[in-house]
Amino acid sequence: MAEKIRIKKGLDIPLGGAPSKEITQDTKSRLFALYPDDFPGPTWKAVVKPEDRVEAGAPLLVDKSTGKVFLVSPVEGVVKEVNRGERRHINYISVEKSAESTSEKGKRKYTADEIIEAMQSSGLWAMLRQRPYDIVPETGVVPRDIFVTAFDSAPLAGEMIRPEDEEWLEYGLKALSKLTKGKVYVGKRIDQHIQSKVAEIYDFEGPHPAGNVGTQIAAIKPVNKGETVWTLDARTAIRIGKLCEGGMLDFETLVAVTGPEVKNPHLVKATIGASIKGILDGILTDDKGKRIISGNVLTGIKVNKDGFIHYPYRQITVIEEGDEADEFMGWASMNPGKYSVKRNFPAFLRGTSKPFDFDARIKGGKRAMILSGEYDKVFPFDIYPEYLLKAIIAKDIDRMEKLGIYEVAPEDFALPEFVDTSKQELQQTVRDGLDYLRKELS
């Protein structure tokens, strides 16, 4: 029987536009793309050029330092664009689909070396994350443990696992168990029926961020200095199972199209890296003044309709920008329809049973960080977030280490950023701190 863990600190944001269980097929997307910045750690180098023909699973980018880790094309077709920014930095590589992709069965992978080689060449290695630093795992490092989260507790997130996936999930967990000297841990909701012979299962309940793998690590077995763990979601573990047991590359994804500006929020069966335009065509309330987010409202990336779904490819959220909002007293309005986490506004009397229609305004201006304890109310780690953030800003490595920098990732600070009176970009601060620490200690 799975051990039960309750997360007490957190916050479920009552955003309108939750997806129904209806599933449609994306038939309009012809362009697909990968963003190398979605996979931090390696320095990525393009191995294709425009007009090259590629098969599904063919390399598009390679880790320049090792030459072993690849990002691959999710479809068969022709390379349309290698989009570059300043100093020839690769923004994305797009592929125009020309044929239906088919998965050819290969041999099973039994040994750790075979599994690692298959994951690195298939692009699945890049979907793992290593703590400390929240990067693509470094090659040659054996993790202390591996943590898999089987649910997403972020606002409006869809289901991560379907009943037909459970067998493949077990195969994936079996493969992962061969890559660590420790254990594989799976965090799930109480109502999920997941069993495993090779992994330890934990039931989590409580508000977001109960589904974040960092929260689960902190509750099960925290990361200490000098230790390395790997993290991933169950969707990636399922893909690993299909690759290692069935010899198949799975590029399908189930995208939750959500938010108050979507006519019929539902699930869309699509391909990794699909175009936003193809998925959203005809389902927005209108085309003006919309904030399109690849991901959820807390950690997602703002995109335009000509962009593509970013990793981890599970959600698109659409809300109002709020540029044309005109309300009495602005951010300080006492309108009961305006959500607030504090009792200074009358919205708390309304409760959270009825969703709110949020927009993208930050409702205030940036100011100095205040040690008010507001982060602690939504931050379930046993560390002091304000002091850690100040140590990061000061680039004080000793204090960062003592205050728990090795345990955290940017997504762990998404809720503190949401409730922050000072309107600081806390996730970016943590990302900068992790990159600085890695550079200085390498």
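Okay, let's start with strands E17 and E19. E17 covers residues 290-294, E19 covers residues 315-320, and five bridges join the two, which run antiparallel. If you want one pair to look for on screen, find Ile 293, which stands opposite Thr 317 in E19. And keep in mind that what we have here is a predicted model.

Those two strands belong to an open sheet of six, in the order E2-E16-E15-E19-E17-E18, and the pairing in it is mixed. At the edges you'll find strand E2, residues 23-25, and strand E18, residues 301-303, each of which pairs on one side only. On average, neighbouring strands in this sheet are turned by 30° against each other, ignoring direction.

There's another open sheet, this one with four strands. Its order is E3-E9-E8-E5, and the pairing is antiparallel. Here the edge strands are E3 (31-34) and E5 (53-54); each has a single partner strand, so one side of each is left without a neighbour in the sheet. E5 pairs with strand E8, residues 76-84, over two bridges in the antiparallel sense. In that pairing, Val 54 has Gly 77 of E8 as its bridge partner.

Next up, strand E14. Is E14 mostly covered or mostly open? Mostly covered: five of its five residues are buried. Val 229, Thr 231 and Asp 233 point one way from the strand, Trp 230 and Leu 232 point the other way, and all of them are buried. E14 has pairing partners too. With E10 it pairs in the antiparallel sense over three bridges, and there Arg 129 stands opposite Thr 231. With E11 the pairing is parallel, over five bridges, and Ile 146 stands opposite Trp 230.

E14 comes up again when we look at helix H3, residues 213-220. Why do we call H3 largely enclosed by the rest of the structure? Because six of its eight residues are buried. Those are Val 213, Gly 214, Thr 215, Gln 216, Ile 217 and Ile 220. And what covers them? The cover includes strands E1 (3-6), E10 (129-131), E11 (145-149), E12 (184-189), E13 (200-205) and E14 (229-233).

Now for the helix pair. Two packed helices are described by the angle between their axes and the distance between the axes. For H2, residues 166-177, and H4, that angle is about 80°, and the axes are 7 Å apart. Angles from 65 to 115 degrees count as roughly perpendicular, so H2 is roughly perpendicular to H4. On the H2 side, the contact residues include Trp 168, Tyr 171 and Leu 176; on the H4 side, Ala 237, Ile 240 and Lys 242 are among them. Sorted by type, the residues of this contact are 10 nonpolar, three polar and two charged.

Last stop, the nonpolar cores. The largest one has 73 residues, and the members touching the most others are Phe 39, Ile 93, Val 148, Leu 176, Ile 240, Leu 280 and Ile 316. Which element gives the largest share of this core? Helix H4, residues 234-246, with six residues. Take Ile 240: leaving out residues up to four places away in sequence, it touches Met 119, Leu 124, Leu 128, Gly 172, Ala 175, Leu 176 and Leu 232. There's also a second, separate core of 22 residues, with Ile 383, Phe 413, Val 430 and Leu 437 among them.

Technical notes: Residues are numbered from 1 along each chain as its sequence is written. This is a predicted model: local features need pLDDT of at least 70, side-chain atom pairs count only at pLDDT 80 or more; totals for chains, interfaces and linings use all residues. Side-chain values use heavy atoms; hydrogens and water are left out. Buried means under 20% relative accessible area, exposed over 50%, partly exposed in between (1.4 Å probe, protein chains only). Contact means heavy atoms within 4.5 Å. A nonpolar core is a set of buried Ala, Val, Leu, Ile, Met, Phe, Trp, Tyr and Cys residues joined through side-chain atoms within 4.5 Å. Two strands pair if DSSP finds at least two bridges between them. Axes are lines fitted to C-alpha atoms, for helices over the stretch in contact, and angles run from 0 to 180 degrees between N-to-C directions. Angles under 35 degrees count as roughly parallel, over 145 as roughly antiparallel, 65 to 115 as roughly perpendicular and the rest as oblique. Ala, Val, Leu, Ile, Met, Phe, Trp, Tyr, Cys and Pro count as nonpolar, Asp, Glu, Lys and Arg as charged, and the others, Gly among them, as polar.
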